Amino acid sequence: MRQSVRAKRSKGKNGFSPAVLPLILWTAVFVAIPLIYILGLSFLKRASTWGVELSFTLESYQQILDPQYLKVYGESLKMAFLTTLGTLALGYPFAYFTAKLKPKNRSVVLLMVMVPFWTNSLVRIYGWMILLRTQGVVNGLLIALGIIDTPLKLLYNFGAVLVGMIYALLPFMILAVYNSVEKLDWSLVEASRDLGASRWKAFWTVTVPMTLPGIMAGCVLVFVPSIGLFFISDLLGGGKTILLGNLIRNELLTARNWPMGAALSMVMMVMSLLILWLYRRVTGAKDMEGLV
Amino acid sequence: MEEQILSIEHISKSFGEVHALKDVSLQVRKGEFLTLLGPSGCGKTTTLRIIAGLETPDEGKVFLQGQDVTNWEPNKRNVNTVFQNYALFPHMNVAANIGYGLKLRKVPKGEISRRVEEMLQLVQLPGYDKRMPSQLSGGQRQRVAIARSLINNPAVLLLDEPLGALDLQLRRQMQGELKRLQKQLEITFIYITHDQEEALNMSDRIGVMNAGHIEQLDAPEEIYERPKTRFAAEFIGQSNIFSAVVRRACGDGTLVLDFAGGTILAKGEGTPGEQVTLSVRTERVRFGQSPAQGFDLQGTVQEHNYTGGLLRTTLLLPDGQTLTVSGMGGGTDRAQVGDQVQIHWNPACSVIVERGEIHAPERACETVQG
């Protein structure tokens, strides 16, 4: 996705340099051709046994507006929105205070943020299952403290998936915001304080607007994948919370309805592009510099 | 005594191992233009930041209009700062930048735009209200930064090398404008610079700072003509700085000293045999064919350096030291290199900037014509 944006940018420039040829080839092979393949697939007819028939049909697109699917889109958007909000609420203060640390401590903290990337994400989500299940750590602790008598049902619901999503995508938000806060010219904040702004007022009138590119980049980096992630809702949602990503996987792998899966992928693509469009509108960015 | 508006008392501040300020005290009069002058790292910016409240002193107190504001937040203090890099808010246009302080005070919108308009007139940028800071030149940004601070009617305006980033011609022009604004609005300015010409030209008083303390606080003329320390003499203007030994003191405050095998005079106090360091401005030194004013000091013209307005002449003294003399350039009657000359100056122009150990008088009770 990000690569295709990049390619558009380099093609859009006047004057063709041979140096960009490898980039164009790379983009064509790994981005453009697969995308065209999926787009093509979505217009084909499902074969009765396996695969597709080579005949044009809009059947899949007629189905994507089915109320049941619409509900899933809504649920997905809600999940993505809340995930973005959650990562922002946790990630912004974290990134802000990290950027204010001494350089030595800063790199330690950033390393801690990166470490989870080096372990398998499935394993980490299983960790959450151990924490949240009925006989899990959280319930055990709450009962031991006498706060509750019977275990709470923490797993296999919308909340559990949301927690998992926020957990998995938080580093993206932190790194994006950190980048912005780290570049912030603190003399602007001082100027604002000097001119009569309280800490809080200076934060809202100077720090937030000045770090908006990082906030927006973080939101895009979290929102876009959170529409598609399916293994978290599989594991923590217990199959009850069906998101767009789950739907696509089911159509492709379980129902073996490739055209339908492809059409739903296009829906997801449109949602993602809408977010990118919003990003450009809000930040006024000419390119995706904040994102790549 | 004029009214005091700001007083800092025994301020000390360290950053880790670095002692930025050591026991600095300073009283600022209402409506004056006070400049802190010194090399970078001398603590002048730290002093300013402590006054603004952007830094808290380790020791000492800050009084503003009679109130102890040492622990006040910067937004509670009636002082404003013009930052070195201007620190204009890049996401706001000129009008929003200038009106920022009033908006925080919840001044009605119409009133804000009227005052912003006034300020733009004052800094001679009418019609620039809709521009963004990135569309302005350095000098224009400077004016906006000044307007943004002045709109709050601060009791004291702090300016941290505000002209540092401008080219020479614009700097001269802005110096004049700042001075005009200061007189017109009768606001107390505390101005920081490392440019001595700027300091001499604009200030009512100058505080010469070095290594975390104020070396001398005086009117520009006093600072220039009668530096109290070696640093002040060296940092401002061009001086000959040398050590001499007091021979005797005449009753009228004039000292007779031994220097480079000759006799010179200076104003000041001293005991016979005391070693002192003297400073004489290069343009105060005269030389000619015959001794004058009680001086008896010989020299040889070593070289001339023509610098346009000024001719800088190096004189070689009998003991190998040199004196630098600046005189008017362009004259045709300059002394030839190699000429023997007699050196003298007005005794009031040589001032003691440092005192050394006392030596036993070598030639006691010798009389010299004054």
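What percentage of the contacts in chain A between residues at least 6 apart in sequence join residues at least 24 apart? In this predicted model, the share is 70%.

## Chain A

Chain A contains 14 helices and 2 strands. Its C-alpha trace extends over about 70 × 70 × 35 Å along the principal axes. Of the 292 residues in chain A, 32% are buried.

## Domains of chain B

Chain B is split into domain 1, covering residues 4-230, and domain 2, covering residues 238-357. The centres of domain 1 and domain 2 of chain B, taken over C-alpha atoms, are 39 Å apart. Domain 1 of chain B brings 5 residues to the contact between them, and domain 2 of chain B brings 6 residues. On the domain 1 side of this contact, 3 residues are charged, 1 is polar and 1 is nonpolar.

## Nonpolar cores

The largest nonpolar core comprises 98 residues. Within this core, the residues with the most contacts are I51(B), A147(B), L158(B), I190(B) and V208(B). Because both domain 1 (4-230) and domain 2 (238-357) of chain B contribute residues, this core lies between the two domains. A second core, separate from the largest, holds 50 residues, including I232(A), L244(A), A263(A) and Y279(A). In soluble globular proteins, nonpolar side chains tend to be buried together.

The surroundings of I190(B) can be set out by residue. Leaving aside residues up to four places away in sequence, I190(B) touches V28(B), L34(B), L36(B), L48(B), I51(B), V156(B) and L158(B). Among these, I51(B) and L158(B) also belong to the group with the most contacts inside the largest core.

## Helix α1 of chain B

Helix α1 of chain B spans residues 44-52, and 9 of its 9 residues are buried, so this helix is largely enclosed by the rest of the structure. The buried residues include nonpolar-core member I51(B), together with L48(B), I50(B) and A52(B). The buried set further includes K44(B), T45(B), T46(B), T47(B) and R49(B). Two of the helix residues, L48(B) and I51(B), are touched by I190(B). After α1(B) comes G53(B), which has a positive phi near 90°.

## The six-stranded sheet of chain B

Chain B has an open sheet of 6 strands in the order β6-β7-β8-β3-β9-β10, and its pairing is mixed. Strands β6 and β10 (213-218) of chain B form the edges, each pairing on one side only. From one strand to the next, the twist averages 20°.

Strand β9 of chain B, residues 205-210, pairs with β10(B) in the antiparallel sense over 5 bridges. In this pair, N210(B) stands opposite H213(B) of β10(B). Strands of a sheet pair through backbone hydrogen bonds, either parallel or antiparallel.

## Contact between the chains

The contact between chain A and chain B takes 14 residues from chain A and 17 residues from chain B. On the chain B side, β6 (79-82) and α2 (94-104) each supply at least two residues. The largest share of that side, 3 residues, is contributed by α2(B). By class, the side of chain B that touches chain A consists of 8 nonpolar, 7 polar and 2 charged residues. Strand β6 of chain B thus appears in two settings: as an edge strand of the open sheet and as a contributor to the side that touches chain A.

Note on methods
Residues numbered from 1 in each chain as written. Chains lettered and ligands numbered in written order. Predicted model: local features only at pLDDT ≥ 70, side-chain atom pairs only at ≥ 80, totals over all residues. Core = buried A, V, L, I, M, F, W, Y, C linked by C-beta atoms within 7 Å. Buried ≥ 20, exposed ≤ 12 C-beta atoms within 10 Å, placed from the backbone. Domains from an automatic or database assignment. Contact = placed C-beta atoms within 7 Å. Helix = DSSP H or I, 4+ residues; strand = E, 2+ residues; numbered from the N terminus. Nonpolar A, V, L, I, M, F, W, Y, C, P; charged D, E, K, R; others polar. Pairing = 2+ DSSP bridges. Axes fitted to C-alpha atoms, helices over the stretch in contact; angles between N-to-C directions.
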